Amino acid sequence: MTFNLNLYTYKCACPAQLQTKEYGNGATLFFSPPFSSTAAGLPVDAFIPGARIAQAYLGERKHGHPDDVVASHHDTLSSILQSKQDVLDSIIYSYKHGFSSFAAMLTKEQARQLADLPEVISVQPSRRYKTTTTRSWDFLGLNDKVPTELLTRSRYGDDIIIGLIDTGIWPESKSFNDDGYGPVPSRWKGVCQTGVGWGRGNCSRKIIGARFYHAGLTKEELSGDYLSPRDASGHGTHTASTAAGSAALEAAGFHGLATGTSRGGAPRARIAVYKSVWRSAAGAEVGTTATVLAAIDDAIHDGVDVLSLSLVVEENSRGVTVVYAAGNLGPAPQLVRNTAPWVITVAASKIDRSFPTVVTLGKIVAQSLYYESENSSGITFRLLADGGRCADALNATDVRGQIVLCAAFQIPPFLLLLIALGNVLDAGASGLIFAQYSMDALDVVADCKGIPCVLVDMDMANQISSYIADSSGQDRAGVHSATVIGEVEAPAPKIAAFSSRGPSVNYPEVIKPDIAAPGASILAAKGDSYVLLSGTSMATPHVAGVVALLKAMHPDWSPAALKSAIMTTASVTDVRGMPILAQGLRRNFSLNPNKAAEPGLIYYIDPSDYNKFFGCTFKKSVQCNATMLPGYHLNLPSIAIPDLRHPITVSRTVTNVGDSNAVYHAVIESPAGVKMDVEPSVLVFNAANKAITFQVKLSPLWRLQGDYTLTWLNGQNTVRIPIAARITIHDFYAD
């Protein structure tokens, strides 16, 4: 259980006072408190019964040395606890590198007392986190056999350090081979923390650092994992190999499907592992605010260049660093997670690869990861049985040895699939055809306990059901799968159905997700083998890998500049020139790494500007800066007006990072119902005039809402930003 302090429940979406920090390695991390690590290393049940983890934020560091920061935390706690030993028993983590904050085991009354102290800005409960997994990099235009300028100029991400906050790593995987790597970068200040199944020899010139964080978790939550950086679930290994895996295996694949070279987007980058999510004996993955923020604090100290977090929180939480997963709650709208404006929030898309599975009933083609074993003699024909929903136990007499058709009418259907599979296996059936609303996540049928599992849509299921009903009892089916690549067979990119959608409830003035990247059926390492996984967890390391390449190529670019380059150069059409859609609902922006290398124009943001828009603190009530500006005035590479009642003018400033003498012309795409004007409509840059401010005026005409874009063109570069507006005439129907 997490510490639940009802007294501090709030509805304001703004975070506590945003902090920014520049570091000597050129990295800038954006985060909001509570933040940053000294682990007591004790499980939660070592503490007082009834106590829960609370995060206390004390603002900017008031002491130069980290040890003095820790001492100040002890002094603060000693004012509400009985003794020095009570303080040592209570405190779990001291966050001392980013700013001053700590996590401690406190009762509800102690948390109230702590919040009343004048030096304490906020006290909040520690929340639960959960994870959100060949061809994809070639599809993005980063083919190492025919390297692009981005790959060559960035030297494949050489010596860029990617920090991964996840479930750990499996160091023996071929994806982390360090052959040909030079010494560990001298600026690296991290450690190789040893533990169960992990010695110093498991760190290398590829995996240059490894830490783990488990304080505050119960023995039960840790029972299915290694008490070390070693990965028991495989999630962290998969994301690490996607972002920065070495090109170590030419024939990686999943039982003959999706074969090819497995490598990361920045294959020469170094990896730093921060294990903060754990696997229980029941298979659940769990982490907390305390473990994740402790990892981030150490990553700042250690000197990482990019942080990748394939995590989604159980409740609303603040984004704390560069690249985050949008979540897997699609296709319903407004469920996107990790929506702070200073992070890159990543949606998942499909690539141009499919796994067509022929169901031999007049050659019906479905999708599956079914593979034939070495002992298989080819297509096996079985009788068909209609099992209905298969939510309850099946009659073994009716379905034994047969392929069973089951249907799910709920979204998402994953849980029902598992129930149906269990019932089909218990009844002795030899296969499952599962009808469902497409969720674009084939890996859910990757392990069907030795029988073929095939996904079909409702229309195809209706055809199969009719075939069964019309047959004379001799109806038979066979199953056979293959891998197909190419735009004709598998149009792409397309937003995966499971990927969480915007708009953001917390930050409606910020368009989220920021970008889409491959996240459906992605092949990457797990243990000593390779598996196909789906999720925004798998999309996130694709963006992290590209950020590493861009950072190597442009070491002076800030996180805002990197985000701008990725967003403004994104593709809005698929490989056939058709709009990128999500179930036909709206335009989407898809990662285009090679274009991002030379974006032409950049939307810079001064880190201190965030405080003008999101300057709030939390104690017993929410207190926000009275002079706080609407979020749509922040110089983001997007514009969102959540309540357009009357004409609104917003400003944006762009900086030329391309040819010094350049002229850009505005191209506006807007729907009926909103009039958009841009002034000036022509931007003229030269050596003396590198940054220009322009205004965008949005005026409501009809009671409609829509999304549209503003593009600056100069012949060489296309710099596009998304713009969204919701026209609001009245707040309530009664008005």
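Two strands count as paired when DSSP finds at least two bridges between them. Keep that in mind for the sheet at the end of this tour of a predicted model.

**Stop 1: colour by confidence**

Start by colouring the protein by pLDDT. The mean is 77, and 73% of the residues reach 70 or more. Select strand 2 (residues 28-31) to see where confidence is lowest, at a mean of 31. Then jump to strand 9, where confidence is highest, at 98. Two further stretches deserve a look while the colours are on. Residues 373-381 have pLDDT below 50, and this stretch has 12 contacts in the model beyond near neighbours in sequence. Residues 482-488 are also below 50, with 21 contacts beyond near neighbours in sequence.

**Stop 2: Cys192 and Cys203**

Next, show the cysteines as sticks. How many disulfides does a search of the whole structure find? The search finds 2.

Select Cys192 and Cys203 for one of them; their sulfur atoms lie 2.1 Å apart. Both cysteines sit in the loop between strand 8 (161-166) and strand 9 (207-212), 11 residues apart. Is this disulfide right-handed or left-handed? The torsion about the S-S bond is about 95°, so the link between Cys192 and Cys203 is right-handed.

Now switch on the surface around the pair. Cys192 is buried because its relative accessibility, 12%, falls under the 20% cut-off. Cys203 has a relative accessible area of 14%, so this residue counts as buried too.

**Stop 3: Cys390 and Cys406**

Move along the chain to Cys390 and Cys406, which are joined by a disulfide with an S to S distance of 1.8 Å. Here the two ends lie in separate elements: Cys390 is in the loop between strand 22 (382-388) and helix 9 (396-399), while Cys406 belongs to strand 23 (residues 403-407). They are 16 residues apart. Look down the S-S bond and you will find a left-handed link, with a torsion of -75°.

Are these two cysteines buried or exposed? Cys390 is buried at a relative accessible area of 3%, and Cys406 is buried at 0%.

**Stop 4: the open sheet**

Finally, switch to cartoon view and select strands 33, 37, 41 and 39. They make an open sheet of 4 strands in the order 33-37-41-39, with antiparallel pairing. At the edges you will find strand 33 (601-602) and strand 39 (674-679), each pairing on one side only.

Zoom in on strand 39 and strand 41 (residues 691-700): these run antiparallel and are joined by 6 bridges. To pick out one position, select Glu679, whose bridge partner in strand 41 is Gln695.

How values were computed
Residues numbered from 1 in each chain as written. Predicted model: local features only at pLDDT ≥ 70, side-chain atom pairs only at ≥ 80, totals over all residues. Heavy atoms only, no water. Disulfide = S-S within 2.5 Å. Buried < 20%, exposed > 50% of the residue type's maximum accessible area, 1.4 Å probe, protein only. pLDDT = per-residue confidence, 0-100. Contact = heavy atoms within 4.5 Å.
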